[in-house]
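Reader: I am new to reading protein structures, and I would like a close look at one part of this one. Could you take me slowly through the pocket and what surrounds it?

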Amino acid sequence: MISVLRMSFSVLVTVLVIITNVEAQEMKKAPIDTIFAQGEKNPYGEYFTGQTYLTMLSNKGDEWNSSIGNVTFEPNAKTNWHKHSGGQILLVLAGEGRYQERGKEVRILHPGDVVRIPLDVEHWHGAAPDSWFTHISIETNLPNNQTTWLEPVEM
Ligand code: MN
């Protein structure tokens, strides 16, 4: 009888641990209209600070040879410094964001802004400290557009 109780208890603990982990992995819903689906946690998260979410709208290698993603940033989340050998265009959809090229002033981003990032220019993009932020990211000059990830932004 005691061993049955012990087993039941360990099953209960296991179930609770699983439930807790599932809840921890759940997506935090952005309190802004991200227009497109917010998507899953960004699989490139190791190159970002803070939590971001990614929905691919068009994948590299498909008929259109274009890569378009929708990225949502929690407040203060941002990319590391990085550069794209084929450049990148950002279309701002929601919230308030930030963009900076190495050695230049930080630019404040609002919905409707377009950011044209030249080839091989080091930069970062992300959310304002107190705002969620969503932009579409277009990889240009495919198929030879390589992204080089650098150090985290210090600010
Ligand atoms: Mn970029």
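Author: Happy to; here is a walk from the pocket to the rings beside its lining, and then to the metal site. Please keep in mind that this is a predicted model.

Let's begin with the pocket itself. The largest pocket has a volume of about 540 Å³. Its lining is made up of 25 residues, and those closest to the centre of the pocket are Tyr44, Ser137, Glu139, Thr147 and Trp149. If you sort the lining by class, you get 14 polar, 9 nonpolar and 2 charged residues.

Which strands supply at least two residues of that lining? They are strand 3 (52-58), strand 4 (67-73), strand 6 (82-84), strand 12 (133-139) and strand 13 (147-149). Strand 4 gives the largest share, with 5 residues.

Strand 4 is worth a pause. Thr72 is found in this strand, and Thr72 is buried, because its relative accessible area is 0%, under the 20% limit. Computed along the sequence, Thr72 and Gln51 are 21 residues apart, while their C-alpha atoms are 8.7 Å apart in space.

Now to the aromatic rings. The structure holds 5 aromatic pairs. In one of them, the ring centres of Phe48 and Phe73 are 6.2 Å apart and the planes meet at 40 degrees, so this pair is tilted. Phe48 belongs to strand 2 (residues 48-49) and Phe73 to strand 4, so the pair ties together parts that are 25 residues apart in sequence. Both partners are buried: Phe48 has 13% relative accessibility, and Phe73 has a relative accessible area of 0%.

Phe48 also forms a tilted aromatic pair with Trp149, with 5.7 Å from centre to centre and 45 degrees between the planes. This pair links distant parts of the chain, since Phe48 is in strand 2 and Trp149 is in strand 13, 101 residues apart. You met Trp149 before, among the residues closest to the centre of the largest pocket. Is Trp149 buried or partly exposed? Trp149 counts as partly exposed, because its relative accessibility of 26% falls between the 20% and 50% limits. Taken together, ring pairs link Tyr47, Phe48, Phe73, Phe133 and Trp149 into a cluster.

Next comes the metal site. Strand 6, one of the strands that supply the pocket lining, covers residues 82-84. His82 and His84 both coordinate the manganese ion through NE2. The other donors are OE1 of Gln88 and NE2 of His123 and of His125, and the distances run from 2.1 to 2.2 Å. Along the chain, the donors follow the spacing H-x1-H-x3-Q-x34-H-x1-H. Why do His82 and Gln88 count as buried? His82 has a relative accessible area of 1% and Gln88 has 6% relative accessibility, so both values are under the 20% limit.

Two contacts between a charge and a ring round off the tour. Arg102 lies over the face of Trp81, at 4.2 Å from the ring centre. The charged end of Lys78 sits over the ring of Trp124, 5.7 Å from the centre of that ring.

Conventions
Residues are numbered from 1 along each chain as its sequence is written. This is a predicted model: local features need pLDDT of at least 70, side-chain atom pairs count only at pLDDT 80 or more; totals for chains, interfaces and linings use all residues. Side-chain values use heavy atoms; hydrogens and water are left out. Donors are N, O and S atoms within 2.8 Å of the metal (3.2 Å for Na, K and Ca); water is not among the atoms, so sites may look incomplete. Buried means under 20% relative accessible area, exposed over 50%, partly exposed in between (1.4 Å probe, protein chains only). On a 1 Å grid over the protein atoms alone, a cavity is a set of points where a 1.4 Å probe fits but cannot get out, and a pocket is an open set with protein on both sides within 12 Å along at least five of seven lines; lining residues have an atom within 4 Å of a point. Grid points are joined across faces, edges and corners, and a volume is the space filled by probe spheres set on the points. Helices (H or I, at least four residues) and strands (E, at least two) are DSSP runs, numbered from the N terminus. Ala, Val, Leu, Ile, Met, Phe, Trp, Tyr, Cys and Pro count as nonpolar, Asp, Glu, Lys and Arg as charged, and the others, Gly among them, as polar. Rings of Phe, Tyr and Trp (its six-membered ring) pair if their centres lie within 6.5 Å; planes under 30 degrees apart count as stacked, over 60 as edge-to-face and the rest as tilted. A charge sits over a ring if NZ of Lys or CZ of Arg is within 6 Å of the ring centre and within 35 degrees of the ring normal.
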